[in-house]
Amino acid sequence: MLKQVDHCIWVAEQPLKFLGLEVGTRMTVILQLDSSLLLISPIEINSDLKQTLDNLGTVKYIIAPNLFHHLYLEHSQQLYPQAKIIAPPGIETKQPNLEIALTFDQDLINFNGELEYTPFQGFQGFIPPKIVKVNEIVFFHPNSKTLIITDSAFNFDCNFPFTTQLASRIIGSYQSLKPSWLEKIAIRDKETTRKAINKILAWDFQRVIMAHGNIVEENAKEKLTVGYQWLVS
Ligand SMILES: [Fe+2]
């Protein structure tokens with residue numbers, strides 16, 4: 001089901017387990033002035049959701065925001081063959097048979113001037129026992145003052161199952177907009193990461209939509225600044 005969060009942004013969610021924990025996942029849908037739709041981090045699109053999306057506009061871009069959120073790219077492209085897939089560098093290692101129209105490191109994509117983006121350079125993940133590249137792209141939608149992130153910060157709370165709450169308390173991302181210590185210890189190039197988060201925090205956003213956790217509607221910039229205080233200069 002599509003949920004509206006602002007006049008031209010919607011989200012749709014589905015269950016997702018990671019390391020045995022229910023963390024959910026969320027797709028963000030942006031309607032542009034030309035009635036085109038952008039799908040960021042696509043989920044499984046059933047017939048009801050497709051009908052709702054079709055009533056909103058025409059899907060133009062299907063966007064993988066990092067190297068982990070690519071599982072429904074092919075599924076989405078089959079539903080919207082006219083749409084182009086945009087993905088971060090390295091996607092070919094995850095989806096070698098998928099036709100990627102544009103990549104964030106090689107192509108200038110202006111989204112009609114309605115969506116900005118930047119690579120979160122230096123940000124990495126830690127899935128025990130190894131550190132993994134994420135190549136996350138962070139988006140800013142100026143019209144709604146919304147920041148759209150994927151795995152670079154979480155905000156789990158009492159709406160999640162008890163085991164997820166417990167785990168997020170242990171790894172330090174319970175009821176707070178910040179990365180867990182798993183991401184913190186994965187970051188090796190702090191200076192590069194510091195520059196990237198400072199660039200993100202320079203955007204004028206009030207809301208944060210993330211892939212896992214509850215959307216932060218108010219004072220999100222202040223909360224994310226606190227979440228990255230250990231890194232921000
Ligand atoms: Fe994720």
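**Overall fold and iron site of the predicted model**

Buried residues account for 52% of the 233 residues in the chain. The model described here is predicted. Its chain holds seven helices and 15 strands. The radius of gyration is 17 Å, close to the 17 Å given by the globule rule for 233 residues, so the chain is as compact as a globular protein of that length. Along the principal axes, the C-alpha trace spans about 40 × 40 × 35 Å.

Contacts and surface complete this overview. Among contacts in the chain with a separation of 6 or more, 54% join residues 24 or more positions apart. The chain exposes about 11100 Å². Carbon and sulfur atoms supply 52% of that exposed area. The chain carries 21 positive and 24 negative charges. The mean positions of these two sets of charges lie 8 Å apart.

The metal site comes next. The iron ion has three protein donors: His69 through NE2, Asp151 through OD and His212 through NE2. These donors lie 2.0 to 2.1 Å from the iron ion. Along the chain, their spacing reads H-x81-D-x60-H. His69 sits in the loop between strand E7 (58-63) and helix H2 (73-79). Asp151 sits in the loop between strand E14 (146-148) and helix H4 (162-171). The pair therefore ties together parts that are 82 residues apart in sequence. His69 is buried, with a relative accessible area of 11%. Asp151 also counts as buried, at 12% relative accessibility. Both values fall under the 20% cut-off for burial.

Helix H2, which follows the loop of His69, contains Ser76. Ser76 has 0% relative accessibility and so counts as buried. Leaving aside neighbours within four places in sequence, Ser76 is in contact with Pro42, Ile43, Ile45 and Ile62.

Phe139 belongs to strand E13, residues 137-141. At 0% relative accessibility, Phe139 counts as buried. Beyond its neighbours within four places in sequence, Phe139 is in contact with residues from several parts of the chain. Among them are Ile40, Ile63, Pro65, Phe104 and Leu115. Glu116, Tyr117 and Trp203 are also in contact with Phe139. So are Thr146, Leu147 and Ile148, and strand E14 spans residues 146-148. Ser47 is 92 residues from Phe139 along the chain. The C-alpha atoms of Phe139 and Ser47 are separated by 28 Å.

Several loops show notable backbone geometry. The peptide bond from Pro128 to Pro129 is cis, with omega near 15°. Pro129 is found in the loop between strand E11 (124-127) and strand E12 (130-133). Phe111 has a phi near 45°, a positive value in a residue other than glycine. The loop that holds Phe111 runs between strand E9 (102-103) and strand E10 (116-119). Phe111 counts as buried, at 2% relative accessibility. Lys145 is not a glycine either, yet has a positive phi of about 50°. Lys145 lies in the loop between E13 and E14. With a relative accessible area of 29%, Lys145 is partly exposed, whereas Phe111 is buried.

Note on methods
Residues are numbered from 1 along each chain as its sequence is written. This is a predicted model: local features need pLDDT of at least 70, side-chain atom pairs count only at pLDDT 80 or more; totals for chains, interfaces and linings use all residues. Side-chain values use heavy atoms; hydrogens and water are left out. Donors are N, O and S atoms within 2.8 Å of the metal (3.2 Å for Na, K and Ca); water is not among the atoms, so sites may look incomplete. Helices (H or I, at least four residues) and strands (E, at least two) are DSSP runs, numbered from the N terminus. Buried means under 20% relative accessible area, exposed over 50%, partly exposed in between (1.4 Å probe, protein chains only). The radius of gyration is taken over C-alpha atoms; the globule rule is 2.2 Å times the number of residues to the power 0.38. Contact means heavy atoms within 4.5 Å. Accessible areas come from the Shrake-Rupley method with a 1.4 Å probe; for residues, only the protein chains shown count as cover. Lys and Arg count as positive and Asp and Glu as negative; His and the chain ends are not counted. The place of a charge is taken as NZ of Lys, CZ of Arg, CG of Asp or CD of Glu.
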